[in-house]
Structures are given as structure tokens and as C-alpha cells.
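Subject: Structure for you to look at

Hello,

I am handing over the structure we spoke about, and below it I have set out what was found. Please read the notes with the model open beside you.

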Amino acid sequence: MRKKWIRTATPYLFILPWIIGLVVFTLGPLVFSFVMSLCNWSLTREPYFVGLGNYIEMFTKDKQFIKSLGISLKYAAIFVPLNMAIALFLAMLIAQPVKGTKIFRTIFYIPSVISGVAVSIIWSWILNSDYGILNYLLSLLGIQGPKWLVDPAYAILAVIIASAFGVGAMMLIFYTDIKGISSSLYEAASLDGASSARQFFSVTLPLITPTLLFNLITSIISSFQQVTLVMLLTGGGPLKSTYFYGLYTYNNAFKHHKLGYASANAWVMFVIILIMTILVFKSSSSWVFYQSETSKYKRKRGN
């Protein structure tokens, strides 16, 4: 009886550290933040329960809430497809059977492991309107570069450009999936007279749609959680044109010391991301292609 109990409990003992980490560092803070969102909690006084007061104030009185949310939605609408397109393009480049791809793979990946602080410093130099290299290159083409970081019309575009600098991780995910596609599929398509573009849209793209789904969801999540880069690059300016929702939440917590209100901000962000993720998953049935489904279809046809 004792041996049977030990045999049953052994697998759970191996995963016990993970369970403890999940409870202590994920579920615990999650529940605690929800409790905080129902309180008026400042660092200078004791918290007291206000129920849905923080949420009501957010939706009815706080104009910056709507503005910051709109800025984050605008950023996500541009950044997510651009980020995925660049990552997929680079993955297709390094997947080509030519010499030197390992070197370029490393070069493309390195920016994704650089800290956000270092990336912000690098891009503040590149985008500087007076001595930045980007405006210098534009001047060689006879184009007067804009004031990227001080003009409200270009500031969010500058943040998007700097954010796209770290596509290396997503590129490698695409690359791994592309390299897993059987070469016989491309050979069959080539024998049928399909061009390289046709092979990409008819063979490569359908087979990597599960990876596209994964990268789409992670990109949406990361776009709403953008804080470090915009904080150090623009500080939310100029004229709060880059005052992202993540920065708005951060400032409420650590600048204005409204911990309860910031927790409510974070929970609204969580619900928005959850809804968008559910919508993406719901739509995936019409555009995500799984090879297992093809195998079932072939078996049915064989029968």
C-alpha cells in the first residue's frame, strides 16, 4: 500500500516546484491584484474597500484612459502585422540554401537579446533629428527627415520602428517551421510549374499558419504591454502622443502611487487582451491549416 502511494505521488513531487512557483509568483499576485483593484490603495495611507469605484471612475471620469487605450490600439494595429511581416521575410531569407545564412541568422537574432534600455539608447541616437543616422541617410536622398521623437505626428511611428528591431525571436520560430516543411512538396509544386511566389502562397504559407497563429497572439499581448521602450525613448510624449496604456498603468502605480487604480487598469488590459485572443482563436478555424487534418482527409479519400 505504501509503495503504491509513493509510486502515485512521485510524479507530483517532480512537478511540485513548478506548482509552488505558479501559486506564489502567478496565481497569488493575480488574485491579490484583483483585490487591490477593488480598493483605494495609496502608499501613504491604509487601503479601504471601494468596490467597483475604480472601474467606474476609469470609464466615466478618466479621459486619459480612453486616450491611452486608443494609442495602444493604434500601435497594435500597425506594429503586429508589420512585425510579423518582417519576421517572416527574414525567416524566408535565412531559409534559403546559400552560404552565409548562419551568419545572417545570428545577426538578425542578436537585437532580440539586447536589453530594452540598450535598444532605447541605440534608437534615440538613430532617430535624433539633429545628428541621427536615419535623417542623415534620408538627406543623401534629398529628403529632409522629420523630428522623429519630438513631433507628435511621427513619434508613434518612431516607437514602432524601434520596436520592430527585436523580431529575431519570432524570425527563428518562423524559420524552424519553414525548415520543417518537406522538400518533396516544393518539388511537386515546381513540377506543376508553380513559381517561387506561387509556392510561397500555396505551400509555405498554409503550412505555417499554426505558427502564424502563435506569433499573432504573442505579438498582440506584447504590443499592449509595451512600457520600457516608450518610457525611455519618448517618456509618453510629445504631448502624450505615445502615452501607451502600459505606461499609463505604470505611472498610476509608481508615479501617482494609486496602486488600487493601477490594478484596475491592469485588469481592464487583461480583459481586453483576453477578448482579442478569443476572437483570434475563433477566427483561426477559417485560416489555420493543420497537417493532421490533411492526413485525416487523405485517409477518408483512400477509404
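I will begin with Phe224, which, leaving aside residues up to four places away in sequence, touches Leu69, Ser72, Leu73, Ala76, Gly246, Met269, Ile272, Ile273 and Met276. Please keep in mind as you read that this is a predicted model.

Phe224 also belongs to a wider group, since it is one of the 63 residues in the largest nonpolar core, where Phe224, together with Met58, Phe174 and Tyr245, touches the most other members. The element that gives the most to this core is α3, with 13 residues.

The helix α3 covers residues 63-94, and it packs with α4, residues 101-109, at an angle of about 160°, the two axes being 9 Å apart. Because an angle over 145 degrees counts as roughly antiparallel, α3 is described as roughly antiparallel to α4. The crossing in which α3 passes α4 is left-handed. If you would like to find the contact in the model, look for Leu90, Leu93 and Ile94 on the α3 side, which meet Thr101, Phe104, Arg105 and Phe108 on the α4 side. Sorted by class, the residues in this contact are five nonpolar, one polar and one charged.

The backbone also deserves a careful look in the loop between α12 (228-233) and α13 (245-254), which is where Pro238 lies. The peptide bond that joins Gly237 and Pro238 is cis, with an omega of about -5°. Lys240 has its place in the loop between α12 and α13 as well, and it has a positive phi of about 60° although it is not a glycine. Is Lys240 buried, partly exposed or exposed? Its relative accessibility is 45%, and Lys240 therefore counts as partly exposed.

A further positive phi is found at His257, a residue other than glycine, where the value is near 60°. His257 lies in the loop between α13 and α14, the latter covering residues 259-284. With a relative accessibility of 33%, His257 counts as partly exposed, because that class lies between buried, under 20%, and exposed, over 50%.

As you go through the model, you could start from Phe224 and its contacts with residues including Leu69 and Met276, then follow α3 to where Leu90, Leu93 and Ile94 meet α4, and finish at the cis bond between Gly237 and Pro238.

With best wishes

Definitions and conventions: Residues numbered from 1 in each chain as written. Predicted model: local features only at pLDDT ≥ 70, side-chain atom pairs only at ≥ 80, totals over all residues. Heavy atoms only, no water. Axes fitted to C-alpha atoms, helices over the stretch in contact; angles between N-to-C directions. Helix = DSSP H or I, 4+ residues; strand = E, 2+ residues; numbered from the N terminus. Parallel < 35°, antiparallel > 145°, perpendicular 65-115°, else oblique. Left-handed = near helix turned anticlockwise from the far one by under 90°. Contact = heavy atoms within 4.5 Å. Nonpolar A, V, L, I, M, F, W, Y, C, P; charged D, E, K, R; others polar. Core = buried A, V, L, I, M, F, W, Y, C linked by side-chain atoms within 4.5 Å. Buried < 20%, exposed > 50% of the residue type's maximum accessible area, 1.4 Å probe, protein only.
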